[in-house]
Amino acid sequence: MAARLPRPPALATLQGDAATRPGQNTWGAAIVRGLFITVSLTFLAALLIAPLATVFATALSHGLEAYLVSFADPDTRSAIRLTLITAAVVVPINTVFGLAAAWAIAKFEFNGKSVLITLIDLPLAISPVISGMVFVLLFGLHGWFGVWLQRHDISVVFALPGILLATMFVTFPYVARELIPLMQQLGNDEEEAAITLGAGGWITFFKVTLPKIRWGLLYGVILCNARAMGEFGAVSVVSGHIRGLTNTMPLHIEILYNEYNFVGAFAVASLLTMLAGLTLVVKTLVERARAAHGA
Amino acid sequence: MSFRKPSVLPGFGLTFGFTTFFLSAIVLLPLAALVLAAASMPWSELIAVVTSPRALASYRLSFGASALAATINLVFGFIIAWTLVRYEFPGRKLIDALIDMPFALPTAVSGIALTTVFARHGWIGRYLEPLGIHVAYTTLGITLALTLISMPFAVRSMQPALLEVQRDLEDAAETLGAGRFYAFRRIILPTVLPALLTGFTLSFARAVGEYGSVIFIAGNLPMKTEITPLLIVIHLEQFDYRGAAALGVVMLLMSFVVLFTINLLQAWNRQRHVRAAH
């Protein structure tokens, strides 16, 4: 559907025949093979591995102590705190939404289902800047509800609620998109059996459905979390960049970087890089568990 | 109730109601506000904003650099996908897992890291600068950033298609005297063509709205290295909400066109698979 990352295939399954195939041991094949591997690795080394290594090299360029000291900065601490709060609020809400949407879409047949799926995907196809801007248009000082909010002394834009809304918007589809195809594939037989045998809806969900989808759910949640903690564009538009107050970690990285505090900027960046690495590790484990259990 | 088929399972009202309510509140109403804000402008003003020379220059850059990045990913994404699918080499699984890194990595981190590597004294920039190749703060840098962040979309679209290429057909072609390149052109390329196009379009879709990684490596000079999302932010910072909304609608329409294209491509892909199965 939308700009969603297609799932990688299980690579391990197809290998093994390469050595025994005819025509694989010729000079031409060897040269092509070497060329392809070299080009791939060079491309990835320059564009991906060098930047990743730079994050840690720059963060540690003045030694481990300078790296650790940069986390003592109160503004950095408050940025980390704000990011954790944002994820702690947004991820559970979008998880509940994802479960509800997947139940409605995968368990029932109704008109307009494909439209609903497309609409859920919509935030993935929209520029992050637009995702933030819509909330400025609604709640900003010159926005639709701006005057009313000001009269009641409520701040949404340039404050925590705006950051939460923008993050919720951009991470909206992640859990749902992971669960919908999974639950469609698993079918309804076991749930129907449970209900027919007298189990209630909630019991059926917790005892029958949830155990089956737990790996997919975990994957959706960590992707949602990674995006929630790392979102830059949308949050940048609504946050107002008030130091120590409305700066999340990615926004704080920008400020430190623009102040030429490279150790500080890359120290915060190193935390987010480790989070991304952790996300990929969990993803790999989930895929392995899925391949082993068949779901 | 012709709206939905009857089912013994409970919870449709609750989950469907919550889903549509939440979707409307968080996504649809805010987007409607954007369209309304642009629609409330007089037509002449709207046209003037979206066709101003600065806006046109930003579209050219955003769409041009994204198309270029998607093309680079078409070529290198294919090479990487091919390497991962066909060849066994040390570290293959690690490389395969790393492909998703630009997707998981926050864009601000990609932005500052890429800028540092390609800046004048950076690890790679220091070798390029003497050759007269300036990456940081140029269109080339923007293209590289867009290439990096959209790369996983290209590789991941192409991998499954390459897995499906029937190698016995390839072998048969070679046994019958077809050259390696001829077999590639007549057997492999037709099979993976829809996946290549999907990879290109997904890369383009991801790149065209990108903001975080680009603003660090772009010089952000009006008319030269200013992407459309940045121009929107500048309008917002000047409290020109209507101007920002007008540009936002242009980008939104572009997203819909791309989405539509992706759906068409995927339908085409499915159709071919159905035909192949018969």
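This report describes a predicted model with two chains, A and B, beginning with its confidence scores and ending with a few single residues.

**Confidence**

For the predicted model as a whole, the scores are ipTM 0.89 and pTM 0.91. Chain B has an average pLDDT of 90, and 97% of its residues score at least 70. Within chain B, the element with the lowest mean pLDDT is helix 9 (residues 167-175), at 74, while helix 6 (residues 107-118) has the highest, at 96.

**Chain A in outline**

The secondary structure of chain A consists of 13 helices and zero strands, so that a reader who follows the chain from the N terminus meets one α element after another. Taken along the principal axes, the C-alpha atoms of chain A fill a box of roughly 70 × 60 × 30 Å. Of the 295 residues in chain A, 45% are buried. When contacts in chain A between residues at least 6 apart in sequence are considered, 75% of them join residues that are at least 24 apart.

**Domains of the two chains**

The domain assignment divides chain A into domain 1 (24-59) and domain 2 (64-293), and it divides chain B into domain 1 (8-43) and domain 2 (50-277). The table sets out the separation of the domain centres, taken over C-alpha atoms, for each chain.

| Chain | Domains | Separation of C-alpha centres |
|---|---|---|
| Chain A | domain 1 and domain 2 | 33 Å |
| Chain B | domain 1 and domain 2 | 30 Å |

In chain A, five residues of domain 1 are in contact with eight residues of domain 2, and the domain 1 side of this contact has four nonpolar residues, one polar residue and no charged residues. In chain B, the contact between the domains takes five residues from domain 1 and six residues from domain 2, and here the side that belongs to domain 1 has five nonpolar residues, with no polar and no charged ones.

**Where the chains meet**

How many residues of each chain take part in the contact between chain A and chain B? There are 86 residues of chain A in contact with 87 residues of chain B. On the chain A side, the largest share, 17 residues, comes from helix 1 (residues 27-59) of chain A. Sorted by class, the chain A side has 60 nonpolar, 19 polar and seven charged residues.

**Helix 1 of chain B and the nonpolar core**

Helix 1 (residues 12-39) of chain B has a kink of about 45 degrees, which is centred on Ser24(B). The buried residues of this helix include Thr15(B), Phe16(B), Leu23(B), Pro30(B) and Leu34(B).

Leu34(B) also appears in the largest nonpolar core, which has 166 residues; together with Ala102(A), Met133(A), Leu137(A), Ile253(A) and Met158(B), Leu34(B) is listed among those that touch the most other members. Which residues does Leu34(B) contact, if its neighbours within four places in sequence are left aside? From chain A there are Ile130(A), Met133(A), Val134(A) and Leu137(A), and from chain B there are Ala245(B), Gly248(B) and Val249(B).

**Single residues that deserve a look**

Phe158(A) lies in the loop between helix 6 (146-151) and helix 7 (160-171) of chain A, and its phi is near 65 degrees, a positive value in a residue other than glycine. Why does Phe158(A) count as partly exposed? Phe158(A) counts as partly exposed because it has 19 C-beta neighbours inside 10 Å, whereas a buried residue needs 20 or more.

In chain B, Asn220(B) sits in the loop between helix 11 (212-217) and helix 12 (228-237). Although Asn220(B) is not a glycine, it has a positive phi of about 60 degrees. Asn220(B) has 17 C-beta neighbours inside 10 Å, and therefore counts as partly exposed.

Pro181(A), by contrast with these loop residues, lies in helix 8 (residues 174-186) of chain A. Because Pro181(A) has 15 C-beta neighbours inside 10 Å, it counts as partly exposed. Measuring from C-alpha to C-alpha in the predicted model, Pro181(A) and Ala234(A) are 28 Å apart in space, and they are 53 residues apart in sequence.

How values were computed:
Residues numbered from 1 in each chain as written. Chains lettered and ligands numbered in written order. Predicted model: local features only at pLDDT ≥ 70, side-chain atom pairs only at ≥ 80, totals over all residues. Contact = placed C-beta atoms within 7 Å. Helix = DSSP H or I, 4+ residues; strand = E, 2+ residues; numbered from the N terminus. Nonpolar A, V, L, I, M, F, W, Y, C, P; charged D, E, K, R; others polar. Bend = angle between axes of the 7 residues up to and from the residue. Buried ≥ 20, exposed ≤ 12 C-beta atoms within 10 Å, placed from the backbone. Domains from an automatic or database assignment. Core = buried A, V, L, I, M, F, W, Y, C linked by C-beta atoms within 7 Å. pLDDT = per-residue confidence, 0-100.
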